[in-house]
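Me: I would like to go through the reasoning behind a few descriptions of this model, with each term held against its definition.

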Number of protein chains: 4
Amino acid sequence: MRKLRYAMVGGGRDAFIGVVHRRAMALDGQMELVAGALSSNPDKARDSGRDLGLADARNHGDWQSLLDDELKRPIDERIDFVSIVTPNHLHYPVALAFAQAGINVVCDKPLVHTSAQADDLSRAVKQSGAVFAVTYNYTGYPMVRQARHMVRSGQLGEIRKVLVEYNQGWLATQLESSANKQADWRTDPGRSGIAGAMGDIGSHAENLIATITGLHIESICADLTSFVPGRRLDDDGSLLLRFTNGARGVLTASQIVAGVENDLRVRIVGTQGTITWHQEDPNRLIHTSLEDAPRILTRGSTSLCPASLKATRLPAGHPEGFHEAFANVYLGAAEAMRARSEGRALAELEGDYPTLADGARGVRFIELTVESAKSEMKWTRWS
Amino acid sequence: MRKLRYAMVGGGRDAFIGVVHRRAMALDGQMELVAGALSSNPDKARDSGRDLGLADARNHGDWQSLLDDELKRPIDERIDFVSIVTPNHLHYPVALAFAQAGINVVCDKPLVHTSAQADDLSRAVKQSGAVFAVTYNYTGYPMVRQARHMVRSGQLGEIRKVLVEYNQGWLATQLESSANKQADWRTDPGRSGIAGAMGDIGSHAENLIATITGLHIESICADLTSFVPGRRLDDDGSLLLRFTNGARGVLTASQIVAGVENDLRVRIVGTQGTITWHQEDPNRLIHTSLEDAPRILTRGSTSLCPASLKATRLPAGHPEGFHEAFANVYLGAAEAMRARSEGRALAELEGDYPTLADGARGVRFIELTVESAKSEMKWTRWS
Amino acid sequence: MRKLRYAMVGGGRDAFIGVVHRRAMALDGQMELVAGALSSNPDKARDSGRDLGLADARNHGDWQSLLDDELKRPIDERIDFVSIVTPNHLHYPVALAFAQAGINVVCDKPLVHTSAQADDLSRAVKQSGAVFAVTYNYTGYPMVRQARHMVRSGQLGEIRKVLVEYNQGWLATQLESSANKQADWRTDPGRSGIAGAMGDIGSHAENLIATITGLHIESICADLTSFVPGRRLDDDGSLLLRFTNGARGVLTASQIVAGVENDLRVRIVGTQGTITWHQEDPNRLIHTSLEDAPRILTRGSTSLCPASLKATRLPAGHPEGFHEAFANVYLGAAEAMRARSEGRALAELEGDYPTLADGARGVRFIELTVESAKSEMKWTRWS
Amino acid sequence: MRKLRYAMVGGGRDAFIGVVHRRAMALDGQMELVAGALSSNPDKARDSGRDLGLADARNHGDWQSLLDDELKRPIDERIDFVSIVTPNHLHYPVALAFAQAGINVVCDKPLVHTSAQADDLSRAVKQSGAVFAVTYNYTGYPMVRQARHMVRSGQLGEIRKVLVEYNQGWLATQLESSANKQADWRTDPGRSGIAGAMGDIGSHAENLIATITGLHIESICADLTSFVPGRRLDDDGSLLLRFTNGARGVLTASQIVAGVENDLRVRIVGTQGTITWHQEDPNRLIHTSLEDAPRILTRGSTSLCPASLKATRLPAGHPEGFHEAFANVYLGAAEAMRARSEGRALAELEGDYPTLADGARGVRFIELTVESAKSEMKWTRWS
């Protein structure tokens, strides 16, 4: 199988998530980094590219040069896709330019700052036919795919309730005033967008429950708070949700839960059973039901669905984690890219990745959550 | 130490919770059942009393006879208190009559149907001086007392967020139509009151967070649902909470979480740390903090506070559970009763039990939650 | 049902386990303490009896007086049984005297110091017909009874391997030199017997696996150690086991596992599946099998066997613990005592308690373990 | 940093562990596969090499051709090391030839079949100066490195007891007769060596405790069993251990624990505290101590030692697993190889990997275990 060539925008020295993307792409040997504009600071961009062994000709100081250069190259040398891992505010111009140029895009989340921007991207993608993936990485966990399968195939009956919480503690203090690069941009409306914790991790929670259940939110009732003095964006938020099928939900996301690490939990309740998954213990899924004793479903075990087993690299009992989940998102996008380049349709379970539609819905979710938080009325309808 | 004599109202054959109260009172050998009116059905009441070895003269067919008889007896033979374990609608008349007569009362929760009734009880208690306890039994767990101590002594800093969930699955189907006595009255507005799950278990959740934190709710935003067709009361509810100190909260309670047993969890987040407790694993309390590695505090271990150790009977590692927690509520009330009868004030940590004020606040909580659930406005203020 | 009357020998002020026995007996209201010789120190014995409300006439300074007095009383006033909760060395004379007198005995473990003593007891019991129970309390846990049922009914197939470990940390330092009464006698060969940790907790481990599996040990290979300087008995030991059916086993028991509480774990491996139980999380039993996903069996849930449900007082999700397990042992013995007094045979599942045979086998286990520990040969055969 | 070039011997189509090695090496982008002899079947070897994108000139049908070819290439093109992932019986000839040729070797475990073979390798390595690593991959887990640090730095005091168990269930049935390639060679003495489960996973257990504690085994007492009818090697074994410092140990390893996945657990007990680690929950290490409440040490958290943090790629709460641990072993070996090629000494914490000495000790452990299993004497001394 030919390796896919990719360029990275962002992710240079001192960045947090870029290297995670690169490791995820490296894991299976299906993708290779061939070009980049790894920082918005041209010198740092080129230094970072040298660190990673980029050829000088493809090691750019800014993303526009990268794009120009790629478009001049012959197809069999050109990148197959760009991976965008910048702070949020740069997603829009970069993704739009590459998508308009017909180059496949993998972009970090949340997708963009506004639904209008998301619409622009949708139009560009529709026109150019580019594959567009959004790295809601938690959907790549095999047990999340098992959860999706169980809900979608009716094993839980009709869904009645959805509980999702995402607790972190790293912003319990005013970290942004102590030269922490991650805290700095994520608490800055100009770069992060209109939401803080709700954009950074609440959007993961929204995507997780949408991915697993396929339910549509009908109305949102939100309470957003900035606890840390001086902070300009929410660092905590809780939502009541109503879904169009009548299900109810609670979503809470917070970055001030002191001492807690990356505590993302989801519970889906149906008429016949309940499943519970915890990101910090990702190889297990607990299934309780009306009839049987609770079962511990484990990654890689034979009773799992094909989509979960396809996302599994190691036998049961050999823990996989965050990198592999991330890699699965990339593998799904890669399958879609290969299909595009070969002019064929995707078979079932191929191309399993969060799409532009997921990203756009996530942006709308943030907008409506912020709108609801400002409203005195209980319910803000999805529109 | 003299054993306290008690009568029980309710709790006869086929009742669920009466026997739990009796076991809890028996555990430490400080109380003895001497009289009763164990059912609203006179024959069943007397049969039940005989099962328990009650003397015929004190084995009554109705609670009014019980009360009349007790008042005729000399003080050194009369009951020290009555334990009321009937369905909810009977709490008010029974408790009021005994309290007015000056007899100490231990009453199950939720206390009564309306705040007006709670006010009546308060006046009666004020006048007669009776000790009045409400069996919010989860407050009796040693690790809940440790949690209370840690919050109240400032070990978590200022409280910012409170998460409490109480999930059960036993009402996921229409159990009330299949001759299940518990389901029958708990889903009947006439006996259960204006709320279903929110009254039955949401009230425990409210009491638990109030007991641990001492925070006051400022506003409630509620969504209550009846999922099971034909059910007349809520079987699921979720609330956003704002506290007067600025803290935020989420409370969710549900009896339709299929396959889940008695999954009560609480997490308290402060500026300095976070504690997490789970009722199904009650001997442990997880404490995370800004500075140290997470700690597992275990019941009975030497680093715990005096109130927690006082509520402990066995060495660490020898599991205690629901019965002991229940017994601790009774022991606290018993200490208050002894103090009353001896005309002395309670020393610190004596008389550690949920009071009439807790019960009354719980009733108000249910009223405001139901009011909020009907409102189109987001926030219903505590008043 | 008539309450059974009992006397207690040992268990006075400052004792650890006596009060646990009393609470266990009190829990269900089926037994009442009417007499005692609560300490080997006559004054302390009587003070302790007064604390517990014993009538002066039945509050004795020594166990011989207790026995004499009881034998003089009419049957309908006499104790139904004696509960012996002294240090080990007193089990033999007390139990023998009461058993010879035809009084039912409940005796703490390990039963006695030597197999010769156990034989004496067996003869006495055979002659007098007394019911004799040994409080291997861990067998009273509902999930242990479920484990026994699963093994005995063949759900695991043929048993191949048995792993049991019992780790405590309370004797990691030389606690016996600091006026700790428990440490003092348990590390003293004169009172504890020929084994330390192996007698105190290793014997529980032996009993647990025998109770669950019914397998017979064929050979023992033991290594016993005294880690704490100056200690006269083992505080740590590990054994390889061979069973007569060809199964293999590992048993390790230690009281020097610093910081660990009461960590008793057992795993039973059969050709078809494996079960795992942990005493510090006693309401769950994990069942893995060749065919299905692992299952979490929970106390009180509907799929459990009758013997487990019979040993259950509370609905699933309402934790039970050590007291209830202890109480179950007493309830089983009580059923046997009632059957004896009524001259009837025990129905199935009645009289579910560790018998004198269990106690005698436990003594032999200790003897052979100590013998093996001294041997240079690998295997010491059970004989 | 220049990527290290490697060749792989074994690990072709249908192999289990080869792809895990390749993913581990790919993860950090520091190594690239440039040559191979991926199967002992020449056609399959070449097909497998083509799958992986090997150039025809470096895609060999047997390992001798690979070695010949490499030695003819200029240094700046030649492989930096060979990764040997064949069944056990091929480790010796391949490793010896490459080591004699001065090429660095990474070899799977158990190293070879006999101590004589291990001695040959040691001589070859001594002579040629080649770096030689053995992929005892569990030592690469960050929390194992933390455990090692805690023991070695005295945080647990003097070590008294070591408990290690490694349970798997995949060989609970006669899988070797059903065309399972892994089961086939691992149960064949000719390819697996003199031990089955004890060689395959018992050797991991031995290495894990040696790595963490640095203790030396003084004597072994072993019981090995083949439970599955017709199986020629042990599928279950348990050992009592004595260490030269006086510590005691229990090691049990089994592949017939039906339904269990990859359940490797280790507990190290010192005079001051105890640590417990479980491979299926690898991001946590539980630390109990005489003084404090139990602590949950989590991978990536700030209180960990430098060696643990160095082995960490993701922030706390973002699970890492088996691949990353494996990768850490390779990174350690790579640092040693870079040092060798640059003619410099390794700095502290560089070159953190299991060495040939670890591999040789593991072989001796297997030999003595098998010897002990055949002996009627309790103890077989390490020699």
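Me: What makes α11 of chain C a helix that lies across strands, and at what angle to β4(C) does it run?
Reply: In this predicted model, helix α11 (residues 322-342) of chain C lies across β1 (4-9), β2, β3, β4 and β5 of chain C, and its direction is at about 165° to that of β4(C). Angles over 145 degrees count as roughly antiparallel, so an angle of about 165° places α11(C) in that class relative to β4(C).

Me: How do you know which strands of the chain C sheet are its edges?
Reply: The open sheet has 5 strands in the order β2-β1-β3-β4-β5 (chain C), with parallel pairing. β2 (31-37) and β5 (132-134) of chain C each pair on one side only, and they are the edge strands. From one strand to the next, the twist averages 25°.

Me: What makes β3 and β4 of chain C a pair?
Reply: Two strands pair if at least two bridges are found between them, and strand β3 (residues 81-84) of chain C is joined to strand β4 (residues 104-107) of chain C over 4 bridges, in the parallel sense, so the criterion is met. Within this pair, V82(C) has V105(C) of β4(C) opposite.

Me: Why is α1(D) called roughly perpendicular to α11(D)?
Reply: Helix α1 (residues 17-27) of chain D packs against helix α11 (residues 322-342) of chain D at an angle of about 70°, the axes being 8 Å apart. The term covers 65 to 115 degrees, and therefore α1(D) is roughly perpendicular to α11(D). Residues making this contact include V20(D), A24(D) and L27(D) of α1(D), along with F326(D), A327(D) and Y330(D) of α11(D). By class, the contact has 7 nonpolar, 2 polar and 2 charged residues.

Me: How do you know that chains A and B are related by a two-fold axis?
Reply: Chain A is superposed on chain B by a rotation of 180° with 0.0 Å of shift along the axis, at an RMSD of 0.0 Å, which is the relation of a two-fold axis. In chain A, K378(A) has the C-alpha nearest the axis, 1.9 Å from it.

Me: Why can one say that the copies meet through the same surface?
Reply: Of the interface residues of chain A, 100% are also interface residues in chain B, so the copies meet through the same surface. The contact takes 34 residues from chain A and 34 residues from chain B. On the side of chain A that touches chain B, the largest share, 4 residues, comes from β9(A), and the residues of that side divide into 14 nonpolar, 13 polar and 7 charged.

Methods:
Residues numbered from 1 in each chain as written. Chains lettered and ligands numbered in written order. Predicted model: local features only at pLDDT ≥ 70, side-chain atom pairs only at ≥ 80, totals over all residues. Least-squares fit on C-alpha atoms with pLDDT ≥ 70 in both. Contact = placed C-beta atoms within 7 Å. Helix = DSSP H or I, 4+ residues; strand = E, 2+ residues; numbered from the N terminus. Nonpolar A, V, L, I, M, F, W, Y, C, P; charged D, E, K, R; others polar. Axes fitted to C-alpha atoms, helices over the stretch in contact; angles between N-to-C directions. Parallel < 35°, antiparallel > 145°, perpendicular 65-115°, else oblique.
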